[in-house]
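This report goes through the chains and the contacts between them. The sequence and the structure come first.

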Amino acid sequence: MHVLKSMIRQPAALFGLVVVALVVLLALAAPLVAPYSPDEQMFDGLTLEGAPLPPSAQFLLGTDALGRDLLSRLLYGARTSLVIGLVANGIAVTIGLLIGILSGYMRGLVGNALMRFTDLMMAFPALLLAIVLAALLRPSLWIVAMVIALVNWVQVARIVYTETRGLVERDFILAERSLGAGHGRILFYHILPHLIPTAIVWGTLGIATTVLLEATLSFLGIGVQPPTPSWGNIIFESQSYFQAAPWLVFIPGAVILLTALSFNLVGDALRDLLDPTQRGRG
Amino acid sequence: MAFLLLRRLVQTALILLGVAAITFLLLYALPADPARMIAGRSATAQTVANIRRELGLDQPLLVQFWTYLQGLVQGDLGRSYAQKTDVGALIAARLPATLILMAAGIFVEVLLGIALGVLAAVRRGGFIDRLVMMASFVGVSAPQFVAALLLLYVFAVTLAWFPMSGFGTFAHVVLPALTLGILGAGWYARMVRSAMIDVLNQDYVRTARAKGLSSFRIVFRHALPNALLPVVAMIGIDIGQFMSGVVVVEAVYGWPGIGQLAWQAIQQVDIPIIMGVTLVSALAIVIGNLIADLVAPLIDPRIRAR
Amino acid sequence: MFKSWLRTSTVAAALALSPFTVLAQDSPKQGGEIVITYKDDIATLDPAIGYDWVNWSMIKSLFSRLMDYKPGTTELVPSLAESFEVAPDGLTYTFKLRKSVKFTNGREIVASDVKYSIERAVDPKTQGPGAGFFGAIKGFDDLSGGKATTLEGIEAPDDATVVFRLSRPDATFLHVLAVNFASVVPKEAVEAAAGDFGKKPVGSGTFILKDWTVGQSLTFERNPDYFVKDMPHIDKFTVEVGQEPLVALLRLQKGEIDIAGDGIPPAKFLEIKNSAEGAEIIVDGQQLHTGYVTLNTKVKPFDDVKVRQAVNMAINKERITRILNGRATAANQPLPPLMPGYDKAFPGYAYDVEKAKALLADAGHADGFETVLYSTNTDPQPRIAQAIQQDLAAIGIKAEVRALAQANVIAAGGTEGEAPMIWSGGMAWIADFPDPSNFYGPILGCSGAVQGGWNWSWYCNEALDKRAVAADSMSDPAQAAERQAEWGKIFTDIMADAPWVPVTNERRVVAKSPRMGGDGDIYVDPTRVINYDAIFVKQ
C-alpha cells in the first residue's frame, strides 16, 4: 500500500500505472467492450473498390483490408501481445540475467563454457528454427512465446556478462570478498542491484520489440494464425498500407509504444521505491 | 595472450561446427523437398528422382553432412541448387554491401546513442532525459518497413537529397544507415544513460567532483569510458543482427546485401545458400563477440582478458 | 492417303513483315534504353534450368526455339524453323531450319544444335525441371533413366533438317518445342562455361546478356543480327533486382525506371488507379491463371462429393474479387477464359448458402465439421484465405487457416492425407503453354496424385484420364476443334466431382512509365509475361 501511495504522488509513475492497468483490464474485458467480433469481415467494412474505411462513428478506429473493425481487433490483440511482451520477454530477460551473471562472475571452466554456449546460441539461425517448428508443430501462442524466450535471452546474457565482469573487479566487491562474504551474498546484494537498471531497459524496450517479433514469427507460421489478432500482426498485415490507410499502422504502433513506455515508467518508479540509493537510474 | 587467442580460435571453430551441424539437421527436418522445389510444377516423378540423385539428396544425412564438411574445410561452400552456381561466389559478391551497411549503421547507432545517452544522464530526470527515453521507445516500436519508407519519402522523394535506391556511392548508404541507426540508437542511449548514472554515483567520480574538476572533464574522462563497456557488448550483438536481420531495410533501399540472398534461399529451400549464409554470419558474430571480449580490458583495465 | 500439313515460310515471312497487327494505334519505334525492376534476384538464365516467371521471359528473349508465339497472343508460329511437316500418324515431325541464323558467338546454327539442346534438357546430369515435357520423344526413358546419352528420336540428317520421332502421338508437341526448355544452345559455349552457363548464356535470341552484376543488375543489349528484321525494338534494357515493389513504383512515378516488373502491390493499386496518370501507368491483362481451393478427396469428409459441392456453393467469389480490388474475375471451371476449350456457357456452382447447408446436412454434416485450410503467407493470400474461412463458417465448417512459406505448403499438398484444403494463391497454376492439356495431368490427373505431386486434391478419375489421353492423341490439326471441345468437356465434367473450388481468374498487372509504347498484351503476354522483343519506347 505504501508503494502504491508513493507512486501515485509521482505524476509520471501514476500515468504509467493507469495505462498499464487500463491495457490489462481492456484485454481481459475485450468481449464486453469490443463493439464487434474481431474476426467478422463486414460487408460494409470496405469501400466498393475494396479499400479499408477510415475512422468514423460506425468504426471508431476504422477498418482493415478485410473490412474488420480495428478497435475490436486491437482489444482482442492485447491478449496475445501482453502474453508475448510480458511473459515471453520476461522469461528471456530472467534467463539472460541469470546466465549473464553466472558466466561473468564465475571464472574458469564453468563461466567460460556458459559464455561459449551463449555465443553458439547467438550464432544460431533462429529464423530457421522458427520455420522448422512452424512446419512440424501446430501453431500456438505458447510455442511462439517459447521461441521468443529462447532467442532473446542471449543478448541480455551478453550485456549482463560484460557488465558483471566490470563489476566484480570494482573496489567494493573486492573489499566484500576480502572481508569473507559468500558468493551468494556478493551476487545478490552487490552485483544484482547494479544490473537491475539494465534489466529494466531490456525488459521494457523488449516489450515493444517482442510484440513486433511475434508478428514476424506468425508470418512464418508458428505464432497465432489468422484471423486471431495480435498487435504485431495487425501492423504487419497492413504495413504496406501506411499511406493508403495510415490508421492501420500508426494506431497499433502508438498502442505498442504507449504500453511499453508505461511499463517503463512503472518499472522505474518501483525500483526507485525499493532501492532509494539508486534513484534515477534505469 | 597468444595462448588465449589460440584457445578462442579453437572454441570458434567448435562453435561453427556446432552451428553447421544444427543447421544441417534443421534443414533436414524441414518438411519441404528441395528437389521438388527445383523441379517445379510440371516435372515428372522421374525428373524429381533424377534431380534428387544428382544433388546427392538421396544419401543418408550423415553422408551428406560429411561431404559438406569435407568441402567446407577446403573453403568450398558448395553449389546453389536453384542458381546452379558457386555459393562462395554468391556470398562474396554481396558481403561487401552487407559489411558497409553494418559499419555505417552501427556508426550512426553508436554516435547517436552515446550522444543522447550522455545528455540524458547529465540532465537526469529533466525534460531532455524524458525526451530521450520517449524517442528511444519510438525507435524500437517502429516497424522497420514503415520507418524505412517514411525516410525514403521525405529524403529521397520529396527533398531528393539522396538517391532512392541502389549501391555504390556514399549518398546511397546514408538513408539505409540512418534508418538502421535511428531505430537501433534507442538501445544504446538507454544502456549508456544507465551505465553513466551508475558511474557518476561512484566514489571516485564524487571525489573528482569534490576536487573541483569540471563536469565536462568528469563526464568525458571518467564516466564515459566506463559506460562504454555495455556499448562494446552491444556492438558485438548488433553484428549478429546486421548479418541476418536487415532484410527489410535492404529490400526497401535496393541494397544488395546477403539478407536478401538468405531470404530468397529460405523460400526456395536452397540448402547450400542457407548453410553458407548461416556459417558466414555465425563467423561474424563469433568474431564480433571475441573482439568485444578483447576490447573490454582496454576500456576497463581492471577486467582481465579470458 | 498421305495428308501432310505443310506450313511454308510464308507464315514466317508475313510475321517478319508486319509483326504487330495487334498494335494498330501506335507503330513501334526503334531504339531507346529502358530500366526494369524485380524484387527477386534472377536465379539463372540457363534455358534448361530456369523455370520461374521472372527469368522465363528473359530466357525467351536470349534464345530462340523452333517454334514460338506471335507477340501478345497464344498463336503458335515457326521461329527458328522455316517450315515443318507432320506425318499423318502424328509420330514424325520434320523441321527445316531457317538459313544462316547465327548464335551470338558468330557460329551458324545447325540441326545438331537442336538435337544437343533438347538432349541436354532431358539429361539427368543437367538437373533441369523441364525434362518431362519431352516425354513423347522416342528414347526419352533411356536418356532420362541414365541408360543412354542421346535421344534416339531426334535425328539431324543434314545441317538444315531436324526429324523428331515420337513414341506416342502428342497433340501438344509443337507447344513443347516453344517452351524455354527447347531453346537452342551452342555446345561449345555450354562447355566453356563449365557449369556456369546460367550466368554466361549464349543464344540466338533478340537480346545478348552484356553484363551481370550479381545481386544488383543485368544488362541486355539488342542482338543486331537477329533473324527477324526490326526486332527487337529497344536497344538495351537493364534489369535491377532486389527492388521492393512499393519503392519501384515510386521510382516509376519519378521517371527513374520504365517497368515495375512485380506489378502494383494491393496497398498501392487503388491510389495509382484513381490518380490522373493511372490509366497510362497500369497495364492490366488476362493471363492463363486460375486460383482455386483444392479439396482433398482422400481426407474425410472431403471424400464425399456432396461435401465438395457444398463448399463450391459456399464461397462468395464476388467478395473475393472485391478484396482483390477488382483485379480478378470469378471463376467457375478450372480453365481460364483465355485458354482454348474454356466453356463460356458452363454455369458452374452458383453461390448459394442455403443450398450448400442443405447438401452438407444431406451428407450427414448438419452441424458442420472442423478442418484446415492452407495458404501461402504473402499478401494478399492470407487475406483471401480468411475470406474463404468466413464463408465456410457460414455453413458450419470451422476451418483453421495455416499460412506458411510456399515450400511448406507445396510439401503439405504433396503428402497424402496431410492438407484437407489448400488455397492456391501465389502458387496457382499458370500454364506453361496455351493448351488445355497443360491444366490437367499434373494438377488434376492420376499421374499428379502421388507423393510429392501437384494434384493436391488427390483426385484420380480413370475414365477422365483415358479421355485425356485420347484427346491428346488427336494430333492432326484438322481435329483441333474437336480436340479442343473434348478438353473443354473434360474440365466441365471434372466439376461434377468438384475436386476444386475454382475461385478467381486473376489478371496480371504491370506498371510502366508513360513513355513506354505498345499494346497492353505485350506487357502481359500470355506466354511470357513481358515480351521484351515487342515493347518499345515512344519517341
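## Contacts between chains C and B

In this predicted model, chain C places 46 residues in contact with 41 residues of chain B. On the side of chain C that touches chain B, the elements giving two or more residues are α7 (245–254) and α14 (406–413) of chain C. By class, that side of chain C consists of 19 nonpolar, 15 polar and 12 charged residues.

## Chain C overall

Chain C holds 17 helices and 21 strands. Along the principal axes, the C-alpha atoms of chain C fill a box of roughly 70 × 60 × 45 Å. The radius of gyration of chain C is 24 Å, and this agrees with the value near 24 Å for a compact globule, because the chain has 539 residues.

Of the 539 residues in chain C, 59% are buried. Among contacts in chain C with a separation of 6 or more, 70% are between residues 24 or more positions apart.

## Contacts between chains A and B

Between chains A and B, 42 residues of chain A are in contact with 49 residues of chain B. Five elements of chain A are named as giving two or more residues to its side of this interface: α5 (108–123), α6 (126–136), α7 (141–168), α9 (183–220) and α11 (247–274). Of these, α9(A) gives the most, with 8 residues. The side of chain A that touches chain B has 24 nonpolar, 11 polar and 7 charged residues.

## Chain A overall

The secondary structure of chain A consists of 11 helices and 0 strands. Read along the sequence, the pattern is therefore α-α-α-α-α-α-α-α-α-α-α, with helices and strands taken as DSSP runs. The C-alpha trace of chain A spans about 80 × 50 × 30 Å along its principal axes.

Buried residues account for 57% of the 282 residues in chain A. For contacts in chain A with a separation of 6 or more, the share from residues 24 or more positions apart is 72%.

## Leu261 of chain A

A:Leu261 lies in helix α11 of chain A, one of the elements that give two or more residues to the side of chain A that touches chain B. Is A:Leu261 buried or exposed? A:Leu261 is buried, because 24 other C-beta atoms lie within 10 Å and the cut-off for a buried residue is 20 or more.

With its neighbours within four places in sequence left aside, A:Leu261 is in contact with B:Met134 and B:Phe137. Within chain A, the C-alpha atoms of A:Leu261 and A:Leu120 are 32 Å apart. These two residues are separated by 141 residues along the chain.

## Helix α6 of chain B

One of the two contacts of A:Leu261 in chain B, B:Phe137, is among the buried residues of α6(B). The others in that list are B:Val132, B:Met133, B:Ser136, B:Gly139, B:Val140 and B:Ser141. An α-helix has 3.6 residues a turn, so residues three or four places apart point the same way.

Helix α6 of chain B covers residues 127–141, which is 15 residues. From its first C-alpha to its last, this helix reaches 21 Å, close to the 21 Å expected at 1.5 Å a residue.

## Confidence in chain B

Chain B has a mean pLDDT of 85, with 97% of its residues at 70 or more. Among the elements of chain B, the highest mean pLDDT is that of helix α5 (residues 87–122), at 92. The lowest, 73, belongs to helix α9 (residues 203–210) of chain B. Where pLDDT is low, the predicted coordinates should not be read in detail.

Notes:
Residues are numbered from 1 along each chain as its sequence is written. Chains are lettered from A and ligands numbered from 1 in the order in which they are written. This is a predicted model: local features need pLDDT of at least 70, side-chain atom pairs count only at pLDDT 80 or more; totals for chains, interfaces and linings use all residues. Two residues are in contact if their C-beta atoms, placed from the backbone, lie within 7 Å. Helices (H or I, at least four residues) and strands (E, at least two) are DSSP runs, numbered from the N terminus. Ala, Val, Leu, Ile, Met, Phe, Trp, Tyr, Cys and Pro count as nonpolar, Asp, Glu, Lys and Arg as charged, and the others, Gly among them, as polar. The radius of gyration is taken over C-alpha atoms; the globule rule is 2.2 Å times the number of residues to the power 0.38. A residue is buried if 20 or more other C-beta atoms lie within 10 Å of its own, exposed if 12 or fewer, and partly exposed in between; C-beta atoms are placed from the backbone. pLDDT is the predictor's confidence in each residue, from 0 to 100. The expected span of a helix is 1.5 Å times one less than its number of residues.
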